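Trainee: Before I use words such as buried or salt bridge, I would like to hear how each of them is justified. Could we go through the structure with that in mind?

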Amino acid sequence: MHELSIAQSILSIAENAVPKNSNAVVTGIGLQIGELSSIEIESLEFAFSVIKAETLLQKAELNIEIVKGEARCNECKTIFLLSSYGTCCPICKSYSMKILKGKEMKVFNITVDE
Ligand SMILES: [Zn+2]
């Protein structure tokens, strides 16, 4: 399951970010998830709630921010929003495009209570 491995990588990013042997408690993880990443938010939240037990993330909540999909048409160079694959350019109807944004999944902040 895709979302489980993502949840595990979030955990290892957080473990690397918080100094060992500190009393710091992680209370929040900010995530940016692209609309085109094919990540299911509900599955990810569930996977995260399962793996965070007994880790330094046990009190952490996920704060998820959705990044809109954005592409540039290879024909007319228009930049437009797309929420899923299979969308054509709104100007020239071309399907030839470069995806600029919306495929990413990244941790953008970690909230720690000292
Ligand atoms: Zn176009």
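Mentor: Let us start with a pair of charged side chains, keeping in mind that this is a predicted model: the side chains of Lys 101 and Glu 70 meet in a salt bridge, with 3.5 Å from N to O.

Trainee: What makes the contact of Lys 101 and Glu 70 a salt bridge?

Mentor: The N to O distance is 3.5 Å, and the term asks for a side-chain nitrogen of Lys or Arg within 4 Å of a carboxyl oxygen of Asp or Glu, so the pair qualifies. Lys 101 lies in strand β5 (residues 97–101) and Glu 70 in strand β3, so the salt bridge ties together parts that are 31 residues apart in sequence.

Trainee: Why is Glu 70 called buried, and why is Lys 101 called partly exposed?

Mentor: Glu 70 has a relative accessibility of 19%, and buried means under 20%, so the word applies to Glu 70. Lys 101 stands at 38%, which falls between the limits of 20% and 50%, and therefore Lys 101 counts as partly exposed.

Trainee: How many salt bridges does a search of the whole structure find?

Mentor: The search finds two, and one of them joins the side chains of Glu 35 and Lys 68 at 3.8 Å, N to O. Glu 35 lies in the loop between β1 (25–34) and α2 (41–51), and Lys 68 in the loop between β2 (61–67) and β3, so this pair ties together parts that are 33 residues apart in sequence. Glu 35 itself is partly exposed, with a relative accessible area of 29%.

Trainee: What makes Arg 72 eligible for a positive surface patch?

Mentor: Arg 72 has 31% relative accessibility, and patch residues need over 30% and no salt bridge, so Arg 72 passes the accessibility cut-off. Arg 72, which lies in strand β3 (residues 70–73), forms the patch together with Lys 77, Lys 98 and Lys 103. A patch of negative charge on the surface gathers Glu 40, Glu 42, Glu 45 and Glu 61, and of these Glu 40 is found in the loop between β1 and α2.

Trainee: Which residues have the most contacts inside the largest nonpolar core?

Mentor: That core has 19 residues, and those with the most contacts inside it include Ile 10, Ile 29, Leu 31 and Phe 48. The elements that give it two or more residues are α1 (2–17), β1 and α2, and the largest share, five residues, comes from α1.

Key:
Residues are numbered from 1 along each chain as its sequence is written. This is a predicted model: local features need pLDDT of at least 70, side-chain atom pairs count only at pLDDT 80 or more; totals for chains, interfaces and linings use all residues. Side-chain values use heavy atoms; hydrogens and water are left out. Patches are made of residues with over 30% relative accessible area and no salt bridge: like charges are joined within 9 Å, nonpolar side chains (Val, Leu, Ile, Met, Phe, Trp, Tyr) within 5 Å. Accessible areas come from the Shrake-Rupley method with a 1.4 Å probe; for residues, only the protein chains shown count as cover. Lys and Arg count as positive and Asp and Glu as negative; His and the chain ends are not counted. The place of a charge is taken as NZ of Lys, CZ of Arg, CG of Asp or CD of Glu. Helices (H or I, at least four residues) and strands (E, at least two) are DSSP runs, numbered from the N terminus. Buried means under 20% relative accessible area, exposed over 50%, partly exposed in between (1.4 Å probe, protein chains only). A nonpolar core is a set of buried Ala, Val, Leu, Ile, Met, Phe, Trp, Tyr and Cys residues joined through side-chain atoms within 4.5 Å.
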